[in-house]
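User: I'm new to this structure and would like a close look at its inside, cysteines first. Could you walk me through it?

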Amino acid sequence: MPLPLTEHEARRLIVKACRGLSEKGLVAAHDGNISARLPSGYLLVTPSRVAKADISDDAILYCGPDGKRIRGKGDVSSEVNLHVTAYRARPDIRGVVHAHPATASAFTFAGAEALLSAPVLPEVVARLGAIPAVPYVTPGTPALGAAAEPFLKTHDAVLLNQHGALTLGKDPWEAYLLMEKVEHAAGILKAAFELAGSAEGVKKLTPAQVADLLKSYRKH
């Protein structure tokens, strides 16, 4: 169980993660949202219609466990339901990031999302395992959270079919770093797919190699 975040720490990490999303091009314009769960169970959530590069710690909204705004200026994104669902599914997490990483998202538009679930990159297999894709549901609706919940119970990173990705962490910064890892992995897999000429041509780890890898990583 991660150490509880103070409100000051959580706000600072959300701002840091927002800067990361903007600088790495993981969102465009007002896209994406980040949240943190406080020890009280209440949430800090980035406001909608504000570019992530412009987020300051005092702009972050203070919300109830249900995602409804209690304090702060601006509106809560309709995607807050994804965050609420993630926290309900995972008592162990304290941060959630929703972004639109271009290459990772493109896999779902191309119908090639299964490659991100395949055991290809050792560092991804060891840290994230498979990166599954939640079937398409209209963004911003409670139905999307319901569709994502079974995946969030067992995975720290999921693709949202034709919509983006969601990552979970012990705090907002860790969740951001996992989003960065998802997009980096997608870039490598795209290049491998293009060089191999097909998804089948991309080299996969065998079950024995995966078992050895996990055993090795558990020692560190």
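User: Why is the sulfur of Cys63 not in a bond with the closest cysteine sulfur?

Analyst: Quick note before we dig in: this is a predicted model, where local features need pLDDT of at least 70 and side-chain atom pairs count only at pLDDT 80 or more, while totals for chains, interfaces and linings use all residues. Residues are numbered from 1 along each chain as its sequence is written, and side-chain values use heavy atoms, with hydrogens and water left out.

Now, your cysteine. The closest cysteine sulfur to that of Cys63 belongs to Cys18 and lies 14 Å off, so it's too far for a bond. A disulfide is a covalent bond between the sulfur atoms of two cysteines; here the rule asks for a pair of cysteine sulfur atoms within 2.5 Å, and the count comes to 0. Both cysteines are tucked away, though. Cys63 has a relative accessible area of 0%, so it counts as buried (that's under 20% relative accessible area, with over 50% exposed and partly exposed in between, using a 1.4 Å probe and protein chains only). Cys18 is buried too, at 0%.

What surrounds spots like these? In soluble globular proteins, nonpolar side chains tend to be buried together. A nonpolar core here means a set of buried Ala, Val, Leu, Ile, Met, Phe, Trp, Tyr and Cys residues joined through side-chain atoms within 4.5 Å. The largest one has 41 residues, and Leu21, Val97, Ile131 and Leu159 have the most contacts inside it. Helix α6 gives the most to this core, with 8 residues (helices are DSSP runs of H or I, at least four residues, and strands are E, at least two, numbered from the N terminus). Cys63 itself sits in a second, separate core of 21 residues, which also includes Leu43, Val84 and Val96.

Let's stay with Ile131 for a moment. Setting aside neighbours within four places in sequence, Ile131 touches Leu116, Ser117, Val124, Ala157, Val158, Leu159 and Val182, where contact means heavy atoms within 4.5 Å. Ile131 also helps line the largest cavity, along with others including Leu116, Val124 and Leu189. That cavity has a volume of about 60 Å³, and α4 (122-127) and α6 (172-196) each give two or more residues to its lining. The lining residues divide into 11 nonpolar, 1 polar and no charged.

Key: 1 Å grid on protein atoms, 1.4 Å probe; cavity = no way out; pocket = protein on both sides within 12 Å on 5 of 7 lines; lining within 4 Å. Points joined across faces, edges and corners; volume = space filled by probe spheres on them. Nonpolar A, V, L, I, M, F, W, Y, C, P; charged D, E, K, R; others polar.
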